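Open the structure in your viewer and have the selection tool ready. The tour goes from the chain interface to the domains, then to the core and a helix pair.

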Amino acid sequence: MSETLTVPETVILEVFRYRPEVESEPTFDSFEVPFHPEWMILDALNYIKDDLDGSLSYRWACRMGVCGSCGMLANGQPVLTCATYLESLLPGPIRIEPLEGFPVIRDLVGDIGDFMNKLSDVKPWLIRDEEKPVEDGEYLQTPSQLADYKQYSMCINCMLCYSACPVYRLEPEFIGPAAIALAQRYNLDSRDEGAEERMDVLSQHDGIWGCTLVGECTEVCPKGVDPAGAIQRYKVSATMDYFKSLLMPRSSS
Amino acid sequence: MDSVIHDVLLVGGGGAGLRAAIAVSETNPGLSVAVVSKVYPMRSHTGAAEGGAAGAVRPEDSLEAHAYDTISGGAWLCDQDAVEAFVEEAPKELIQLEHWGCPWSRQPDGHIATRPFGGMKIERTWYAADKTGFHMLHALFQTTLRYPPITRYDEFFVTRLLVDNGRCQGVVAIELASGRVQTLFAKAVIVCSGGGGKIFPFTTNANIKTGDGMALAYHAGVPLKDMEFVQYHPTGLPFTGILITEAARAEGGWLLNKDGYRYLQDYDLGTPEPKPVKRSMELGPRDRLSQAFVKESQAGRAVSSPYGDVVHLDIRHLGEAEIDKKIPFVRELCLKYQKVDPVHDMIPVRPVVHYMMGGIDTDIQGATALDGLYAAGEVACVNINGANRLGSNSLTELLVFGARAGRAAAQFAAAQPAPSAALIAQAEDEERRLKTEFLDASGPERVAPLRKEMQAAMEAGAGIYRNAEGLNDAVETVNGVRERFQRIGLDDHSRTFNTELVSVLELSSLLDVAGAVLDSALARTESRGAHQRTDYPDRDDDEFLAHSLVYRSDDGAPRVEFKPVTVTKWPPGERVYGRKASDV
């Protein structure tokens, strides 16, 4: 941080409020919070909740960018609020809203039930034709085989990619970036034999084909996962499978 | 009030709860399982664990060696029968998790890789880079989705255990999204809700670690065991308290004082070598390293920072490639949260509250003294961790004892009649209590100042070093806070996702847990492991080779008793680190 930067004493947060028992339309409340260079947006929200207005509701847990709870829009951008410095959004006012694309339950809390169902739909677990008994030890997997899928296993389900995805916002049936990346995480795992089962879900209209490859998902991902790449790769292999299926019976593919 | 009936109900959806849920389903696929958690399971704090999970698999390793390291690391307060079961089942559970997709780091030939860890004489820590807990949690959670009998109650806050006829038969919970109070009946309940590090102000623990499960059991008359043992991890980032994993030292990191000197050599922890030496120096146990920090700071040899004294963790000599390969999350956390790049800069660190060795008193199957109630994971105390847990034993513990509790609860539940109708009245009482005492409360006291006062008192009185005077001061403050808590008021009286109500319920749990820690700490007039009394500096095996049990009296005050430690093969001895190899 530069020593010459003038540091403000306070900063204004304009926070989205929606209390369904009290108001039928969302409003914005403005809060003045102290500015500290080491504060993240989440620290400012906690200051509001502890010292100014106990009724503000939002989710948070780990404050270290791994639990995936605290995604919100800051000045319109989907971010993890525990990993975004106030400083990066000066001079303010900083507008804080719930992630786009999810029904708002209350204030900054969105309903992610739809994603939870989609997550199950892609069968995100290891599928084997035959499971080896534990007594027989581990499945071998070389470091390079691990590297084939590792980045897709880093998804924290924070929902920033859904919020950024223009397709999901228009077509909520679209299965969405994180779920597809997770399907790929298992498809590319050398221990897994379930790609065909997952293909049945993903090759449907609202599976991978909904994606128009805008790439916003990859850009906003705080964990370096590349859902857009996963989708692209999936489309290629799905197309290959389609042509192969015209030429030979499916079971031999 | 809505009610449903399940066979087995889990309170908590972290590692232990999810492992238990799968164990129930595998033991008896006909049983319905409910996972009730105040957060979505993948938000659970298991996901923040970094370094690894211990299990003896290398040819030069043995179950006896893992047991000895654990027992000596725990200052002989571990129940040795439990440790023997633990080390034996550890490798199987870790392989099971591999079969469920956990992306363990590998050797070039494809076998599981292991790394050294503090207090462990042999490399036996399995790891998934430095996000081990995260990968374990997600592998477990995703695997539970395969099991149709497992029903989730995401974002439900459990406020009470339902007990009738000496048997736990379900819970009352608030659905956060709607604010509705629901009765969830069950033939067996397993509490897996984690620890309560938020009784302290400076902790690696997530905001959700408020000891709720401990408080639930405590109120149902079940004792909490060994609560005085709170682990400070030696390397947390100042201000945030974010954990810098022990793996940073296992891979070769050094702890330096303000003069750039590896000060641990002055604290009977061995002599410095360029490469890490197991059970020595930076790979000593956490209690000893945190205590050494305090002494170094008192001697004026720490580095001043705006957030108190720090020392430096130096990993620069590992080089960028090794750091990015083995401990990339350390670099990410330092860059993002401390604005330092450990490839080029030293990392400022100080001890930080990390883990509770104590918890709900259970036997080796996870059963508590109350029929139908089980516990596993950090919320429970079997006790395999003794007076000081070794790093990388807790991730394995939640698998081994999560599975054990799941199997035991499944067997118990299958033999039980339907829950008693009398419990409906209890549930209705609870709903009224929640409304009048909390939701409608409009007293003058606010939750945040009360919580901060309690936390400050715990840090002042029940930190790394303690004495009677400081502990009594903390008791007085906490009692005062508890009394003012009776006059709590909420800004928010609405039902929809009322997180202020959640904070108030959590503070109620925290106050119970804080009280239990303080009274247990006062009763143990000796020093052992993480419990260091400056007024009783020596270990006293004649009097205190025993577990403390704290009960909640009818008037709410804690009552402490002791019961002997189980010793099988390893008589109490000296804890030796960095000197001549100890005799196993």
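Two residues are in contact here if their C-beta atoms, placed from the backbone, lie within 7 Å. Keep in mind that this is a predicted model.

**Stop 1: where the chains meet**

Colour the two chains separately. On this boundary, 44 residues of chain A are in contact with 47 residues of chain B. Stay on the chain B side. Select α3 (80–99), α4 (132–144), α9 (328–338), α12 (447–461) and α14 (499–523) of chain B; each gives two or more residues to the side that touches chain A. Then highlight α3(B): its five residues are the largest share of that side. Now colour the chain B side by class. You should find 21 nonpolar, 15 polar and 11 charged residues.

**Stop 2: the domains of chain A**

Switch to chain A. Select 10–110 for domain 1 and 113–247 for domain 2. How far apart do the C-alpha centres of domain 1 and domain 2 of chain A lie? They lie 30 Å apart. Next, show the residues that join the two. Domain 1 of chain A has 10 residues in contact with 12 residues of domain 2 of chain A. On the domain 1 side, five are nonpolar, four are polar and one is charged.

**Stop 3: the largest nonpolar core**

Show the buried nonpolar side chains. The largest nonpolar core has 267 residues. Centre on B:Val36 and B:Ile190, which have the most contacts inside this core. Then select α14(B), which gives the most to the core, with 14 residues. Go back to the domains of chain A: domain 1 (10–110) and domain 2 (113–247) both give residues to this core, so the core lies between them.

Zoom in on B:Val36. Beyond its neighbours within four places in sequence, B:Val36 is in contact with B:Leu9, B:Leu10 and B:Val11. Its other partners are B:Tyr153, B:Phe156, B:Val158, B:Val171, B:Ala173 and B:Leu184.

**Stop 4: a helix crossing**

Return to α3(B) and add α10 of chain B, residues 393–414. Their axes come within 9 Å and cross at roughly 95°. Angles of 65 to 115 degrees count as roughly perpendicular, and α3(B) and α10(B) are therefore roughly perpendicular to each other.

Show the side chains at the crossing:

- From α3(B): B:Phe86, B:Glu89, B:Ala90, B:Glu93, B:Leu94 and B:Leu97.
- From α10(B): B:Thr396, B:Glu397, B:Leu399, B:Val400 and B:Ala403.

Which classes make up this contact of α3(B) with α10(B)? Seven residues are nonpolar, one is polar and three are charged.

Definitions and conventions. Residues numbered from 1 in each chain as written. Chains lettered and ligands numbered in written order. Predicted model: local features only at pLDDT ≥ 70, side-chain atom pairs only at ≥ 80, totals over all residues. Helix = DSSP H or I, 4+ residues; strand = E, 2+ residues; numbered from the N terminus. Nonpolar A, V, L, I, M, F, W, Y, C, P; charged D, E, K, R; others polar. Domains from an automatic or database assignment. Core = buried A, V, L, I, M, F, W, Y, C linked by C-beta atoms within 7 Å. Buried ≥ 20, exposed ≤ 12 C-beta atoms within 10 Å, placed from the backbone. Axes fitted to C-alpha atoms, helices over the stretch in contact; angles between N-to-C directions. Parallel < 35°, antiparallel > 145°, perpendicular 65-115°, else oblique.
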